[in-house]
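Colleague: Please take me through one helix of this model in close detail. I would like its burial, its neighbours and the spaces around it in one connected answer.

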Amino acid sequence: MAEVEYVDASCFYPGNPVAAVDSLNLEIADGEFMVLVGPSGSGKSTALRMLAGLEEVSAGQINIAGKDVSNSPPKDRDIAMVFQNYALYPHMSVGENMGFALKLKGVSKEDRRKKVAEVAKILGLEDFLDRKPKALSGGQRQRVAMGRAIVREPSVFLMDEPLSNLDAKLRVETRANVAALQARLGTTTVYVTHDQVEAMTMGHRVAVLKDGKLQQCDTPRNMYDRPVNAFVAGFIGSPAMNLRTAKLVSGGAQLGDVVVPLLPAVMSAASEANISEVTLGLRPESFTAEDAGSDGKAATLTLTVALVEELGADAYVYGTLPGDDPVADKHLVVRFDGRGTPSIGDKVQMSFRQDEAHVFNKETGLRLG
C-alpha cells in the first residue's frame, strides 16, 4: 500500500511571506500515476520536493501509506526520485549506476547483478551496462536514471521534469515508454511537468497548480471538457482555448458579429453574480467552416485570416473578428483540415458547436453554470 496524501500542506521559503505551496490537499491512490502541472513558479516542483523530504513542510502534513512523513528524512520515506538532469555518476558504468543504491544497502554483488540485469532488460539497456554515461544518448541516460530508481523497488516514484532535456521526437517516444512502464510496475508515481501535453497523455489524473494553489484535479478528459476556471481552460489544451470577453445581451453573449446562445443556467448564474460581461471559451476544434454544415451550431462568425500554421494533416488559422483591435485583441484560433486552408487576408465564415462553449465569470474566473 502506498497511498500519498497532502493534508493542508504548505511550504514557505525563508524571507518570503508568500507560500510556494499553499494549503495543498491532494490524495493519490495506490498505483496511480498523478501528474502535477503548471507554469513556472506554480509550486509543482516544490510540492514534489516536499514529498521527497528535500523541502520543509512548513504547515500541514504529508502521509505515505497512512504514515505522517512530514519530518522524516528522505532515506526513511521509501521513495525514489528521477531528476531532470539525470544525476548519474560519470566514473561509474551504467550497471554500477543502477546498482549503487543497492550497494549502499549492503545487497550482495551477485544479487545486485541479477536485479540490475532484470531491470536493464525491461528498459532495453542490456547492451549498455558496461558503458559510461558519457557514451550514451540523452534518452539512454534517462532510462539509466529510471533504472536506478526501479531497482530499489520503492513505494513511490517521484519524477521532476525527467524529459525536458530530450529533443521533441525522443520526448514523445520516451513519455509513451514511461507511461507503459508505470502501468507494468503498478508503482505509485508523482510526475512533475510544465508541459500540459505531457500531462494529458501520461497521467491517470492531472493536478493543475497556479501560484502555489491547487486549481483542479481530475482525469485528463474531464479537465479538458469541463475546466473549473478560466486559468485551467486556457492552460489545458494545445493550442490553448480561445478566451474572449463577451458582453451579455438578451439570450446570450455578443462575440464578433453574432450572439452566442447561452444556457438558461448560465444566464441565471451571471444574473445572480450581477455581471454584464463574461469570459467566453471556445476550443479551436469546436469551429467548422460554414459550408461543412452540422446540427447544433450557432450562427456564423466572420473571420479575417491573419496567419496560417500548416501542420500537415491539420492547420491552425489565426484571425480577427469584426470589431477586433488587431493589435490589442488576441487572434481567434481555429483548426482546419490541412488540405483546405484559407490564405492570409481571406474572410471565412465559421460556425461552432454551441454545446462546446465554456463560460466563466470575468471577475472571479470561475465557471458559470
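Modeller: What follows is a close look at α4, then at the spaces, cores and backbone features around it.

This is a predicted model. The helix α4 runs over residues 138-150. Start with its length. At 1.5 Å a residue, its 13 residues should span 18 Å, and the end C-alpha atoms are 18 Å apart, so the two values agree.

Next, burial. Ten of the 13 residues of α4 are buried, so the helix is largely enclosed by the rest of the structure. Buried here means under 20% relative accessible area. The buried residues are Gly139, Gln140, Gln142, Val144, Ala145, Met146, Gly147, Arg148, Ala149 and Ile150. The run from Val144 to Ile150 belongs to that set. Gln140, Gln142 and Arg148 are buried as well.

What covers these residues? The cover includes β6, α2, α3, β7 and α5. Several of these elements return below as walls of the spaces around α4.

Take the enclosed space. There is one cavity of 30 Å³ or more. About 70 Å³ of space lies in it. Its lining consists of Val82, Met146, Ala149, Ile150, Phe157, Met159, Val178, Leu181, Gln182, Leu185 and Thr189. Met146, Ala149 and Ile150 of this lining are also among the buried residues of α4. Three elements supply at least two lining residues each: α4, β7 (156-160) and α5 (168-185). The most comes from α5, with four residues. By class, the lining has nine nonpolar residues, two polar and no charged.

Now the open spaces. The largest pocket has a volume of about 570 Å³. It is lined by 19 residues, and Ile79, Ala80, Met81, Ala101 and Arg152 are the closest to its centre. Here too α4 takes part: β6 (79-82), α2 (94-104) and α4 each supply at least two lining residues. The lining of this pocket holds 14 nonpolar residues, no polar ones and five charged ones. So which helix has a share in both linings? It is α4, which gives at least two residues to the cavity and at least two to the largest pocket.

The second largest pocket has a volume of about 400 Å³. Of its 14 lining residues, Ser93, Gly95, Glu96, Arg112 and Arg113 lie nearest the centre. The elements that give two or more residues to this lining are α2 and α3 (109-123). Both α2 and α3 are also in the cover of α4. This lining divides into five nonpolar, three polar and six charged residues.

Then the core. In soluble globular proteins, nonpolar side chains tend to be buried together. The largest nonpolar core here has 39 residues, and Met98, Tyr191 and Val208 have the most contacts inside it. The most comes from α4, with five residues. Tyr191 shows how such a residue is packed. Leaving out residues up to four places away in sequence, it touches Phe33, Met34, Val35, Leu36, Met159, Pro162, Leu163, Val178, Glu198 and Met202. Two of these contacts, Met159 and Val178, also line the cavity. A second, separate core has 29 residues, including Ala270, Leu282, Leu321 and Leu368.

For another mostly covered helix, look at α1 (residues 44-52), where seven of nine residues are buried. They are Lys44, Thr46, Ala47, Leu48, Met50, Leu51 and Ala52. Just after α1, Gly53 takes a positive phi of about 90°.

Last, the backbone. Most residues other than glycine have a negative phi, and most peptide bonds are trans. Tyr86 departs from this, with phi near 70°. It sits in the loop between β6 and α2, two elements that also cover α4. Tyr86 is buried, with a relative accessible area of 9%. Asp8 also has a positive phi, near 45°. It lies in strand β1 (residues 4-11). At 42% relative accessibility, Asp8 counts as partly exposed. A cis peptide bond joins Ser238 and Pro239, with omega about -5°. Pro239 lies in the loop between α8 (230-235) and β11 (242-249).

Terms used: Residues are numbered from 1 along each chain as its sequence is written. This is a predicted model: local features need pLDDT of at least 70, side-chain atom pairs count only at pLDDT 80 or more; totals for chains, interfaces and linings use all residues. Side-chain values use heavy atoms; hydrogens and water are left out. On a 1 Å grid over the protein atoms alone, a cavity is a set of points where a 1.4 Å probe fits but cannot get out, and a pocket is an open set with protein on both sides within 12 Å along at least five of seven lines; lining residues have an atom within 4 Å of a point. Grid points are joined across faces, edges and corners, and a volume is the space filled by probe spheres set on the points. Ala, Val, Leu, Ile, Met, Phe, Trp, Tyr, Cys and Pro count as nonpolar, Asp, Glu, Lys and Arg as charged, and the others, Gly among them, as polar. The expected span of a helix is 1.5 Å times one less than its number of residues. Buried means under 20% relative accessible area, exposed over 50%, partly exposed in between (1.4 Å probe, protein chains only). Contact means heavy atoms within 4.5 Å. A nonpolar core is a set of buried Ala, Val, Leu, Ile, Met, Phe, Trp, Tyr and Cys residues joined through side-chain atoms within 4.5 Å.
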